[in-house]
Amino acid sequence: MKNNMLKQANNNLMEKIVSLCKRRGFVFPGSEIYGGLQGFYDYGPLGVEMKNNLKSLWWRWMTKEHENIVGIDGAIITNPKVWEASGHVKNFVDPLVECKKCHHRFKADDITGDKCPDCGGPLTEPKVFNILVPTRLGVIEGEKTDAYLRGEACQTIYLDFKNVIDSTRIKVPFGICQIGKAFRNEVTPGNFLFRQREFEQWDLQWFCHPSEMNKWFEFWKKERMNWYKSIFTHPENLGFYKHEKLAHYAKKAFDIEYTASPVGKEMEGIHWRGEWDLSRHSEYSGQDLSYTNPETNEKFIPNIIEASGGVDRTFLFLMIDAYTEEKDRVVLKLKSSLAPYKVAVFPLLSNKPELVEKAKEVYNMLKKEFNITFDGRGNIGKRYYSQDEIGTPFCVTIDFDTLNNSDVTVRDRDTMKQERIKIGELTKFLEEKLK
Ligand code: GAP
């Protein structure tokens, strides 16, 4: 009974988030006018602003706040041998069954009965299944070559490892980071942005000496958690999940989870990849991907720790985390660094040309500094409601007193407190508040 009520509450919350996302232009179902395509979504005008804010926070944190991290932007399609070396071609061609509840996949041969061994949920029928999304290159039939859309973005980082070292002279330990699309033929795409077929990942691949793996693993585990805590409204909803079943090359693996999620919880994996990736690509490409320490001349294959997260999942969890219902209003309590608009400017009455003109003047002044919006529709209450729902931290209203005193009302999204601020001090005031 209690479980059913929780499930219902979770479904309701997801319905509200999906509906808000579509209604206010955060996320639209992909190719909707043709009936949609399962597992594909488009970000709308507000969604793309927020997603860009999120990605630039990540990028700045990686490349500007850590001395030894550089970025790349790799191609989505690579030489198909990459996916043989990575193990994706071989490891995903078995008949698999997938649990409809926890989405764990199992080789059909390993399963007895029709229940998931991990959670007891129902299983899909066995399918010969490869998670890679194939594509064909070339224009002449019969001469086309098979390739894949990348199944995980990180592979291009390994491919560029040598070029990065040669072109930058960066020394181990160092990191290469990237934000980019990945594609997977998920058996059961669903739960909105949580399990898609096309999605975006942000990756840090950290290359270090094998003897330092433990030290760096613990460093990145803590560092990544602290970063996520800095962007969530309720950091107490974040936690670690420790993997018990490990890949053969891994000594440990943790997920950073959004524990209050009504759908799946995994947001980022902190993985011990050891020398697996560089040694496999050395073997398959015939290129030496080892590293020689310029001081000691020691030659070794750098070991890898990865922090591989989902941009879309983080976006979804941030929306869930920020969504708040308070009396008669819905408020998206996003951190201001993530909010699509930082400030909304209104004339108190839209049918008074002198107020509209002054409001435009204030709008033109502020737009040089902040991403802002102008709203002249409906009444003031509706405008506040509308801005709260999309997470705009401050609303600036121009009224008749403004014309005499050159001050405006600034209203805070979270406290709803209103203050009178001189127009001449407005930019500085907002800069301080939005820090
Ligand atoms: N390079 C390692 C790797 O790709 P993963 O755990 O499969 O590891 C990393 O993926 C992250 O990518 C996940 O933690 C999740 O946030 C995101 N992700 C994976 N599959 C996804 C999907 N189908 N839809 C949306 N995000 C996904």
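Which residue places a backbone N or O atom 3.3 Å from a nitrogen atom of the ligand?

**Entry 1: the ligand**

I was working with a predicted model, and I looked up the ligand in it before anything else. The residue I was after is Phe194, whose backbone N or O atom lies 3.3 Å from a ligand nitrogen. The protein covers 92% of the 550 Å² of accessible area that the ligand has on its own. I then turned to side chains and noted that a polar side-chain atom of Glu152 lies 2.9 Å from a nitrogen atom of the ligand, while an N or O atom in the side chain of Gln201 is 3.0 Å from a ligand oxygen.

For the shell as a whole I listed 20 residues around the ligand, of which Arg184, Glu186, Gln196, Glu266 and Met267 come nearest. Sorting the shell by class, I found nine charged, six polar and five nonpolar residues. I also asked which strand gives the largest share of the shell. That is β13, with five residues, and at least two shell residues each come from β10 (198-208), β13 (266-274) and β16 (303-310).

**Entry 2: aromatic pairs**

I next went through the ring pairs, of which the structure holds 25. For Phe161 and Phe174 I noted ring centres 6.1 Å apart and planes at 10 degrees, so this pair is stacked. The pair links distant parts of the chain, since Phe161 belongs to helix α5 (residues 155-168) and Phe174 to strand β9 (residues 174-183), with their positions 13 residues apart in the numbering. I checked whether these two are buried or exposed, and both Phe161 and Phe174 are buried.

I then set down Trp216 and Phe219, whose ring centres are 5.3 Å apart with planes at 85 degrees, so I entered this pair as edge-to-face. Trp216 and Phe219 both sit in helix α6 (residues 213-231), three residues apart, which is about one turn of the helix. Their exposure needed separate notes: Trp216 has 14% relative accessibility and therefore counts as buried, the cut-off being under 20%, whereas Phe219, at 34%, counts as partly exposed. Following the ring pairs further, I found a cluster that takes in Trp58, Trp59, Trp61, Trp202, Trp206, Trp216, Phe219, Trp220, Trp227 and Tyr228.

**Entry 3: Ser56**

I looked up Ser56 and placed it in helix α2 (residues 45-65). Why does Ser56 count as partly exposed? Its relative accessibility is 35%, and the partly exposed class runs between the 20% and 50% cut-offs. I noted that the side chain of Ser56 reaches the backbone oxygen of Asn53 at 3.3 Å. I also entered the separation of Ser56 and Thr314, which are 258 residues apart in sequence and 14 Å apart in space, C-alpha to C-alpha.

**Entry 4: Asp412**

My last look-up was Asp412, which lies in strand β22 (residues 407-412). Setting aside neighbours within four places in sequence, I found Asp412 in contact with Pro393, Phe394 and Lys417. For one of these partners, Phe394, I wrote down a C-alpha separation of 5.1 Å from Asp412, although the two are 18 residues apart along the chain. I also asked which backbone atom the side chain of Asp412 reaches at 3.1 Å, and found that this is the backbone nitrogen of Thr415.

Notes:
Residues are numbered from 1 along each chain as its sequence is written. This is a predicted model: local features need pLDDT of at least 70, side-chain atom pairs count only at pLDDT 80 or more; totals for chains, interfaces and linings use all residues. Side-chain values use heavy atoms; hydrogens and water are left out. Helices (H or I, at least four residues) and strands (E, at least two) are DSSP runs, numbered from the N terminus. Contact means heavy atoms within 4.5 Å. A polar contact is a pair of N or O atoms within 3.5 Å; within protein, one must be able to donate a hydrogen and the other to accept it, and residues adjacent in sequence count only if both atoms are side-chain atoms. A residue is near a molecule or strand if one of its heavy atoms lies within 4 Å of it. Accessible areas come from the Shrake-Rupley method with a 1.4 Å probe; for residues, only the protein chains shown count as cover. Ala, Val, Leu, Ile, Met, Phe, Trp, Tyr, Cys and Pro count as nonpolar, Asp, Glu, Lys and Arg as charged, and the others, Gly among them, as polar. Buried means under 20% relative accessible area, exposed over 50%, partly exposed in between (1.4 Å probe, protein chains only). Rings of Phe, Tyr and Trp (its six-membered ring) pair if their centres lie within 6.5 Å; planes under 30 degrees apart count as stacked, over 60 as edge-to-face and the rest as tilted.
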